[in-house]
Amino acid sequence: MSRFLQAEIDLRALINNFHFIKSIVKDANPKNKIIAIVKADAYGHGVIEVSRTLEHLKVDYLGVAFYDEAVFLREAGINCPILLLFDREVEGVFKYNLTPVIFDIKYAEELSNYAKRKNLMLSIHVKVETGMGRLGLYENICEQIKKIANMPNLKLEGVMSHLSVAEDYDWSLQQINKLTELKNCLKTININPLFHIANSAGLFFNKALFDAVRPGLILYGYATNRSLQGITPCMTVKTKILDIRRLPKNTPISYGKTFITKRDSLIGVIPIGYADGYFRRLSNRGFMIVRGKKAPVVGIVCMDITMIDLTEIQEAKIGDEVIILGSSGEEKITAWDIADWSDTIAYEVLTSLGSKAKRKYIY
Ligand SMILES: *Cc1c(COP(=O)(O)O)cnc(C)c1O
């Protein structure tokens, strides 16, 4: 038996989640477009397989953070429109037919100049500041957009912003109102691009839907509203027990002796550690599932190894399956559970665990 660390990615769940999103969005406005966010290797789920699946479902756009991610998609044969969220590539966006998001005038000028020189047209989206404090035009926004819209060889296809506290209704409403003001300002001069601001959490604010939405997390089966029904997590992470040891009371476990057995114990040695995205913060706090039962992490999580207490699971055997993320029998560990045990968010859990394990796709 060699080390086994697998992330099972259920693409059927992805399809279900996509339809769920579509039902919310198209109920509000049948013309509303979906920009599926597949940055960070599709939140650790594998950007090619996820994007192929979404392309089959006729997603309107895929959204990536950086240029290299977009090139990777094009070279894999993905043809649907790609929104480039956080980069300032000039030449390559023409070569690979990408739709860049412009967050300052200078980038717009560079693109326009290049397009003019080569006699090409380029569709762009412009990002504006409404309260995220990260990227986007932030002074005389309407004027600046007018200027960009009039630059030669650029077609203003979209205007976007980003919710910074999507679960705070009043704050989000302020952001939404700023974007609406801008929309009205542009309308008076007959500029009518697609407006979008909603991430996953924003899907549940009718007013945030505008003309398009940019769901990420919810595609993968998680929501910031943890009790949301109708979506299914796509990722299961599992490994196998490397060793089992019967240790007497008062035996220290792992670095730093932070855990000392309080009884004669059965300790499982699990081949996953912080180098695999299993956070060190899960030391003495996390759980894994063995034979349908939850076993607590004992001692410090090492680089490649973590110990769990199997004393209550005497039937456990070397080579048994260990569920790190996912469900088995009656028990379930979600990305939110792991996030709570390690003071982070489901996003970081998925991107961390998903990027290190060997992926297996379920169609
Ligand atoms: C990551 C991201 C999203 C998706 O956010 P989720 O909360 O995962 O739905 C949407 N828009 C932008 C600009 C992003 O960076």
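**View 1. The whole chain, with more than half of it tucked away.** Of the 363 residues in the chain, 56% count as buried. What you are looking at is a predicted model. Its C-alpha trace spans about 80 × 40 × 35 Å along the principal axes. The chain holds 10 helices and 20 strands. If you take the contacts in the chain with a separation of 6 or more, 64% of them come from residues 24 or more positions apart.

**View 2. Two domains and the place where they touch.** The domain assignment splits out domain 1 (32-220) and domain 2 (235-362). For the contact, domain 1 supplies eight residues and domain 2 supplies nine residues. Measuring over C-alpha atoms is one way to place them: the centres of domain 1 and domain 2 are 39 Å apart. Between them, the two domains bury about 820 Å², and 64% of that is on carbon and sulfur atoms.

**View 3. Polar links across the domain contact.** How many residue pairs are in polar contact between domain 1 and domain 2? The count is four, with both residues of each pair at pLDDT 80 or more. Helix α2 (residues 39-44) gives four residues to the side of domain 1 that touches domain 2, the largest share of that side. Sorted by type, the residues on this side of domain 1 come out as three nonpolar, three polar and two charged. As for salt bridges between domain 1 and domain 2, the count is one.

**View 4. D41 and R359, a salt bridge between the domains.** Here D41 pairs with R359, and their closest N and O atoms are 2.8 Å apart. Some background helps here: side chains of opposite charge can pair when their charged atoms come close. Back in this view, the side chains of R359 and D41 meet in that salt bridge. R359 sits in strand β20 (residues 358-362) and D41 in helix α2, so the pair ties together parts that are 318 residues apart in sequence. Are these two buried or partly exposed? R359 is partly exposed, with a relative accessible area of 25%, and D41 is partly exposed too, at 29%.

**View 5. K238 and E321, a strand-to-strand salt bridge.** The side chains of K238 and E321 meet in a salt bridge, 3.3 Å from N to O. K238 belongs to strand β10 (residues 235-240) and E321 to strand β18 (residues 321-328), so this pair ties together parts that are 83 residues apart in sequence. Check how much of each partner is open: K238 is buried, with a relative accessible area of 12%, while E321 counts as partly exposed at 40% relative accessibility.

**View 6. E331 and K294, another pair linking two strands.** In this close-up, the side chains of E331 and K294 meet in a salt bridge at 3.7 Å, N to O. Which strands do they come from? E331 lies in strand β19 (residues 331-333) and K294 in strand β16 (residues 293-296), so the pair ties together parts that are 37 residues apart in sequence. E331 is partly exposed, with a relative accessible area of 26%, and K294 counts as partly exposed at 33% relative accessibility.

**View 7. A small network of E8, K238 and E321.** Salt bridges that share partners join E8, K238 and E321 into one network. You have already met K238 and E321 as a pair whose side chains meet at 3.3 Å, N to O.

Methods:
Residues are numbered from 1 along each chain as its sequence is written. This is a predicted model: local features need pLDDT of at least 70, side-chain atom pairs count only at pLDDT 80 or more; totals for chains, interfaces and linings use all residues. Side-chain values use heavy atoms; hydrogens and water are left out. Domain bounds come from an automatic or database domain assignment. Contact means heavy atoms within 4.5 Å. Buried area is the accessible area (1.4 Å probe) that two parts lose on being put together, summed over both. A salt bridge is a side-chain nitrogen of Lys or Arg within 4 Å of a carboxyl oxygen of Asp or Glu. A polar contact is a pair of N or O atoms within 3.5 Å; within protein, one must be able to donate a hydrogen and the other to accept it, and residues adjacent in sequence count only if both atoms are side-chain atoms. Ala, Val, Leu, Ile, Met, Phe, Trp, Tyr, Cys and Pro count as nonpolar, Asp, Glu, Lys and Arg as charged, and the others, Gly among them, as polar. Buried means under 20% relative accessible area, exposed over 50%, partly exposed in between (1.4 Å probe, protein chains only).
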